[in-house]
Amino acid sequence: MENKKTCLYDKHVELNALMSPFGGFIMPIQYSSITEEHNAVRQHCGVFDVSHMGEVVVTGPDAEKYVNHIFTNDITNAPQFQVYYGMMLYENGGTVDDMLVYKMGENNYFIVINAANIDKDFAWMTKNAEGFDVNVVNRSEYYGQLAVQGPEAEAVVESVLNLPCKDLVFYTAKVIETNGEEVIVSRTGYTGEDGFEIYASHDFIRNSWDLLIKSGRCLPCGLGCRDTLRFEVGLPLYGDELSPEISPVMAGLSMFCKLDKEEFIGKEAVAQQKAEGVKQRVIGIELKDRAVPRHGYAVMHNGEKVGEVTTGYQSISTSKSVCMALVDTPHAKLGTELEVQIRKKTFPGVVVKKQFYQKSYKK
């Protein structure tokens with residue numbers, strides 16, 4: 001199947017971005033360098049094209065009940081414009097996807113899903129809407145999306161895009177009417193820094209991109225540094241730290257599974273895993289040598305394979321060789337000594353917290 005292009009594809013080509021397939025789209029991996037873009041977000045401001053992400057709108061009399069049914073977090077009586085992170089699960093507790101749910105109004109929810117999972121997720125949502133009085137509409141083709149991230153993001157969004165956002169607290173959203181269209185702005189992010197997501201029509205997103213790049217205050221950033229940034233602060237990527245085989249409990253994300261709410265798909269499996277424990281867990285490992293662990297590399301203990309690396313890098317912000325890995329639970333305790341097999345050599349390491357770099361969100 002041919003890869004899709006986002007509404008900003010031509011802009012990336014003009015900037016000579018390195019383009020590569022990702023999640024069914026041709027996406028920019030880097031413009032200048034991953035290190036320069038990464039540091040821009042940590043220290044100043046960067047903008048990402050995340051128009052490949054999917055958006056689904058749920059409305060109707062049973063909207064709250066339905067979203068609570070398919071979503072692990074609890075949106076009961078949620079305040080308007082609150083944003084929630086959580087997952088959709090299979091009955092066995094495996095992960096369909098992780099996602100954001102925006103409470104836009106009474107019986108009106110805006111759901112953001114991962115690009116590679118749009119068709120699968122929408123089919124799952126539609127199938128599980130049976131028996132609920134709801135409309136579930138895939139709006140992914142309409143919306144473009146920008147992520148403006150970094151300590152200067154608020155000032156840039158306010159002054160360059162003229163979108164008032166300083167009143168937003170972390171994980172809230174608002175709708176701004178501008179030039180006759182409704183723009184959704186939320187204070188969320190996937191980098192460990194303060195930042196905003198902007199959802200709007202393709203024309204608005206293209207115009208906003210141009211304004212941000214021409215301002216010189218916001219570096220264009222590719223998916224390369226998006227991965228290094230989210231990884232350093234322990235945020236999961238679907239397909240690496242979450243999957244049909246990796247449950248939220250295994251990933252250390254069970255706090256987003258609200259077992260005290262009435263029901264959700266997979267609730268019994270989550271409850272059982274929390275009560276009985278799981279065979280494997282996602283952990284952090286810091287290597288003692290300067291070597292780069294990559295996805296799929298074996299994690300060893302006394303010559304025996306006990307897991308695999310899910311994501312690994314030489315951390316740009318800390319200069320340490322670190323990785324997240326899915327390992328057998330007996331070897332998941334902090335301080336446990338393990339080795340990572342990199343090609344034909346093993347490198348010693350120690351289990352550490354998955355947050356290799358301290359988050360600096362605006363609360």
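**Cysteines.** I searched the whole structure, a predicted model, for disulfides and found zero. I then looked at Cys45, which is in no disulfide. The nearest cysteine sulfur to Cys45 belongs to Cys218 and is 3.5 Å away. The cut-off for a disulfide is a sulfur pair within 2.5 Å, so this pair does not count. Cys45 is buried, with a relative accessible area of 2%. Next I checked Cys221, also in no disulfide. Its nearest cysteine sulfur is that of Cys225, at 4.2 Å. Cys221 is buried too, and I noted a relative accessible area of 1%.

**Nonpolar cores.** Which residues touch the most other members of the largest nonpolar core? I got Phe48, Tyr102 and Phe110, in a core of 47 residues. I listed the elements that give two or more residues to this core. The strands are E6 (83-89), E7 (95-105), E8 (108-113) and E18 (321-328). The helices are H7 (223-232) and H8 (248-251). E6 gives the most, with four residues. I also logged a second, separate core of 27 residues. Tyr31, Val160, Phe196 and Ile198 are among its members.

**Phe110.** I pulled the contacts of Phe110, leaving aside neighbours within four places in sequence. Glu55, Val56 and Val57 are in contact with Phe110. So are Leu100, Val101, Tyr102 and Met104. Tyr143, Ile184 and Tyr199 complete the list.

**Largest pocket.** I read its volume as about 1,200 Å³. How many residues line the largest pocket? I found 50, and those nearest its centre are Asp98, Tyr190, Leu235, Pro236 and Leu237. I sorted the lining by type: 28 nonpolar, eleven polar and eleven charged. Then I asked which elements supply at least two lining residues each. They are E6, E7, E8, strand E13 (195-200) and H7. H7 has the largest share of this lining, five residues. I note that H7 also gives two or more residues to the largest nonpolar core.

**Helix H2.** I went through H2 (residues 34-43) for burial. Its buried residues are Glu37, His38, Ala40, Val41 and Arg42. What do these buried residues pack against? I found strands E3 (25-30), E4 (46-49), E10 (144-149) and E14 (219-221). H7 is on that list as well.

Technical notes:
Residues numbered from 1 in each chain as written. Predicted model: local features only at pLDDT ≥ 70, side-chain atom pairs only at ≥ 80, totals over all residues. Heavy atoms only, no water. Core = buried A, V, L, I, M, F, W, Y, C linked by side-chain atoms within 4.5 Å. Buried < 20%, exposed > 50% of the residue type's maximum accessible area, 1.4 Å probe, protein only. Contact = heavy atoms within 4.5 Å. 1 Å grid on protein atoms, 1.4 Å probe; cavity = no way out; pocket = protein on both sides within 12 Å on 5 of 7 lines; lining within 4 Å. Points joined across faces, edges and corners; volume = space filled by probe spheres on them. Nonpolar A, V, L, I, M, F, W, Y, C, P; charged D, E, K, R; others polar.
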